[in-house]
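This report describes a single protein chain through its fold, its cores and its side-chain pairs. The sequence and structure are shown first.

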Amino acid sequence: MAEMKETPSQTAGPYVHIGCVPSFAGLDGMYGGADLGARMGPLPGPGIVFTGRVLDGDGAPLTDALVEIWQADAAGRYGPDARGWGRQPTDAETGQFRFETVKPGPAGGQAPHLLIWIVARGINLGLTTRAYFADEADANAADPVLIQAGDRAETMVAQAIQGGYHLDIHLQGEAETVFLDV
């Protein structure tokens, strides 16, 4: 039997938007209206806005990344009645993303957090991180993931802003965000 060579790895490329957020690629009306994940919910609890930017190693915004968040509801529950999932492209000029959601409650002995997944051109595998909340200091201090992150834990802590929270995600460099091997 002849030895087969590996196929070259592929990145998410520019085409990920066509299937995941077609409106970003100028294709409106797919999926019967809004892009899948464009609106989160229903999630009971007080609403927040979660914003951030995806930045490369030089601090320049990634203007074609795709960001997903996954979360528990305000009571810390995951379930079929609460769709704690959303998907947004980063802004084509600023690299910013924006989700309207609720602040999740603590779940499974972990501090309240959002799970974040990022894909973009040049990224072979999606990157996974978390966003914790700066105003949850006691819960954060006991969270096993933040404890493992040590001195770099602050790269996963979103700061309070009016109406919500903000976290910039750095893909490389001195301020590189902690990414999880999941």
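The sections below proceed from the overall fold to the nonpolar cores, the aromatic pairs, the salt bridges and a residue late in the chain.

**Overall fold**

The model is predicted. Its protein chain contains three helices and eight strands. Read from the N terminus, these elements follow the order α-β-β-β-β-β-β-α-α-β-β. The chain has 182 residues, and 43% of them are buried. Where contacts join residues at least 6 apart in sequence, 67% of them join residues at least 24 apart. The protein chain exposes about 10100 Å², of which carbon and sulfur atoms supply 53%.

**Nonpolar cores**

The largest nonpolar core has 24 residues, and Phe50, Val54 and Ile116 touch the most other members. At least two residues of this core come from each of strand S1 (47–55), strand S2 (66–70), strand S4 (96–102), strand S5 (113–119), strand S6 (127–133) and strand S8 (164–170). Another core, of eight residues, lies apart from it; Ala111, Leu146, Ala149 and Met156 are among its members.

The surroundings of Val54 can be listed in detail. Leaving aside residues up to four places away in sequence, Val54 touches Ala60, Pro61, Leu62, Ala65, Val67, Thr90, Gly95, Phe97, Ile118, Ile169 and Leu171.

**Aromatic pairs**

Across the whole structure, four aromatic pairs are found. In one of them, Trp70 and Trp85 have ring centres 5.8 Å apart and planes at 50°, so the pair is classed as tilted. Trp70 belongs to strand S2 and Trp85 to strand S3 (residues 85–89); the pair therefore ties together parts that are 15 residues apart in sequence. Trp70 is partly exposed, with a relative accessible area of 41%, whereas Trp85 counts as buried at 15% relative accessibility.

A further pair, between Phe133 and Tyr165, is edge-to-face, with 4.7 Å from centre to centre and 70° between the planes. Phe133 lies in strand S6 and Tyr165 in strand S8, so that this pair links distant parts of the chain, 32 residues apart. Phe133 and Tyr165 are both buried.

Ring pairs also join Phe50, Phe97 and Phe99 into a cluster. Two of these residues recur from the core description: Phe50 is named with Val54 and Ile116 as touching the most other core members, and Phe97 is among the residues that Val54 touches.

**Salt bridges**

As a general matter, side chains of opposite charge can pair when their charged atoms come close. The search of the whole structure finds six salt bridges. The table lists some of them.

| Acidic residue | Basic residue | Closest N and O atoms |
|---|---|---|
| Asp168 | Arg53 | 2.7 Å |
| Glu100 | Arg98 | 2.7 Å |
| Glu136 | Lys103 | 2.8 Å |

Asp168 is in strand S8 and Arg53 in strand S1, so their salt bridge ties together parts that are 115 residues apart in sequence. Asp168 is buried, with a relative accessible area of 19%; this value falls under the 20% limit for buried residues. Its partner Arg53 counts as partly exposed, at 30% relative accessibility.

For the pair of Glu100 and Arg98, Glu100 is exposed, with a relative accessible area of 52%. Arg98, at 44% relative accessibility, counts as partly exposed.

Lys103 lies in the loop between S4 and S5, and Glu136 in the loop between S6 and helix H2 (137–142), so this pair ties together parts that are 33 residues apart in sequence. Glu136 counts as partly exposed, at 23% relative accessibility. With Asp135 included, Lys103 and Glu136 are linked in a network of salt bridges.

**The segment after S8**

Is Asp181 buried or exposed? Asp181 is exposed, because its relative accessible area is 79% and exposed means over 50%. Asp181 is placed in the segment after S8. Its C-alpha lies 8.9 Å from that of Thr129, while the two residues are 52 residues apart in sequence.

Note on methods: Residues numbered from 1 in each chain as written. Predicted model: local features only at pLDDT ≥ 70, side-chain atom pairs only at ≥ 80, totals over all residues. Heavy atoms only, no water. Core = buried A, V, L, I, M, F, W, Y, C linked by side-chain atoms within 4.5 Å. Buried < 20%, exposed > 50% of the residue type's maximum accessible area, 1.4 Å probe, protein only. Helix = DSSP H or I, 4+ residues; strand = E, 2+ residues; numbered from the N terminus. Contact = heavy atoms within 4.5 Å. Phe/Tyr/Trp six-rings, centres within 6.5 Å; stacked < 30°, edge-to-face > 60°. Salt bridge = Lys/Arg side-chain N within 4 Å of Asp/Glu carboxyl O. Areas by Shrake-Rupley, 256 points an atom, 1.4 Å probe, with all protein chains shown as cover.
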